[in-house]
Amino acid sequence: MGRWNLILLLAVLFSGTALVRSAYDARLLFTELDRAQAEGRRLEADGQRLQAERHAQATNLRVEQVARERLRMHAITPALSQELDTAVTASAPAKPGANQ
């Protein structure tokens, strides 16, 4: 009978140790899951913020402002435009060697 008691005692100790270890692992996994979910929420918020910033940067007013300041572009006025007379260019003589 003493031998059976020793075997049963070892089985109870082993199962208790396994239970404590599995509970510890479950807690570790839960905290890791909680951290991952918090990181996901933070990344989602950052993504929404970046989308809003991109949308704000892409407005027509902002694009025009950047074009004026950085690229030194300006709006076309009639004083800066030139008209091309298509009648003069169409009746221009052909170049020698073309269409021969």
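1. Is Arg-72 buried or exposed? Arg-72 counts as exposed, because its relative accessibility is 71% and the cut-off for that class is over 50%. Its position is the loop that joins helix 2 (60-69) to helix 3 (86-90). The backbone deserves a look too. Phi of Arg-72 is near 55°. That is a positive value, and the residue is not a glycine.

2. Confidence comes next. This is a predicted model. The mean pLDDT of the protein chain is 86. A score of at least 70 is reached by 86% of the residues. The elements do not share one level: helix 1 has the highest mean pLDDT, 96, and helix 3 the lowest, 62. Read any detail of helix 3 with that value of 62 in mind.

3. The fold is simple to list. The protein chain has 3 helices and 0 strands. From the N terminus the order is α-α-α. Helix 1 covers residues 2-57. Helix 2 spans 60-69, and helix 3 spans 86-90.

4. Burial is scarce. The protein chain has 100 residues, and buried ones make up 1% of them. Its accessible surface comes to about 9,900 Å². Carbon and sulfur atoms account for 62% of that surface.

5. Now the charged pairs. The structure holds 5 salt bridges. One of them pairs Asp-25 with Arg-21, with 3.7 Å between the closest N and O atoms. That distance qualifies because the cut-off is 4 Å. Both residues belong to helix 1, where they sit 4 residues apart, so about one helical turn separates them. Asp-25 has 30% relative accessibility and therefore counts as partly exposed.

6. A second pair is Arg-42 with Asp-46. Their side chains meet in a salt bridge at 3.0 Å, N to O. The spacing is 4 residues within helix 1, which means about one helical turn between Arg-42 and Asp-46. Arg-42 is partly exposed, with a relative accessible area of 42%. Asp-46 is partly exposed as well, at 25%. The class applies to Asp-46 because buried would require under 20%.

7. What else is linked to Arg-42 and Asp-46 by salt bridges? Glu-39 is. Glu-39, Arg-42 and Asp-46 together form a network of salt bridges. When checking the Arg-42 to Asp-46 contact, view it within this network.

8. The next pair in helix 1 is Glu-53 with Arg-49. Their side chains form a salt bridge, 2.8 Å from N to O. Being 4 residues apart, Glu-53 and Arg-49 are separated by about one helical turn. Neither partner is buried: Glu-53 is partly exposed at 41% relative accessibility, and Arg-49 is partly exposed at 42%.

9. Which residues form a nonpolar patch on the surface? Leu-6, Leu-9, Leu-10 and Leu-13 do. Together they contribute about 400 Å² of accessible area. Leu-13 is placed in helix 1.

10. To sum up for the file. Helix 1 is the element with the highest mean pLDDT. Salt bridges in helix 1 include Arg-42 with Asp-46 and Glu-53 with Arg-49. Arg-72 lies in the loop between helix 2 and helix 3, has a positive phi and is exposed. Buried residues are 1% of the protein chain.

Conventions:
Residues are numbered from 1 along each chain as its sequence is written. This is a predicted model: local features need pLDDT of at least 70, side-chain atom pairs count only at pLDDT 80 or more; totals for chains, interfaces and linings use all residues. Side-chain values use heavy atoms; hydrogens and water are left out. Helices (H or I, at least four residues) and strands (E, at least two) are DSSP runs, numbered from the N terminus. Buried means under 20% relative accessible area, exposed over 50%, partly exposed in between (1.4 Å probe, protein chains only). Patches are made of residues with over 30% relative accessible area and no salt bridge: like charges are joined within 9 Å, nonpolar side chains (Val, Leu, Ile, Met, Phe, Trp, Tyr) within 5 Å. Accessible areas come from the Shrake-Rupley method with a 1.4 Å probe; for residues, only the protein chains shown count as cover. pLDDT is the predictor's confidence in each residue, from 0 to 100.
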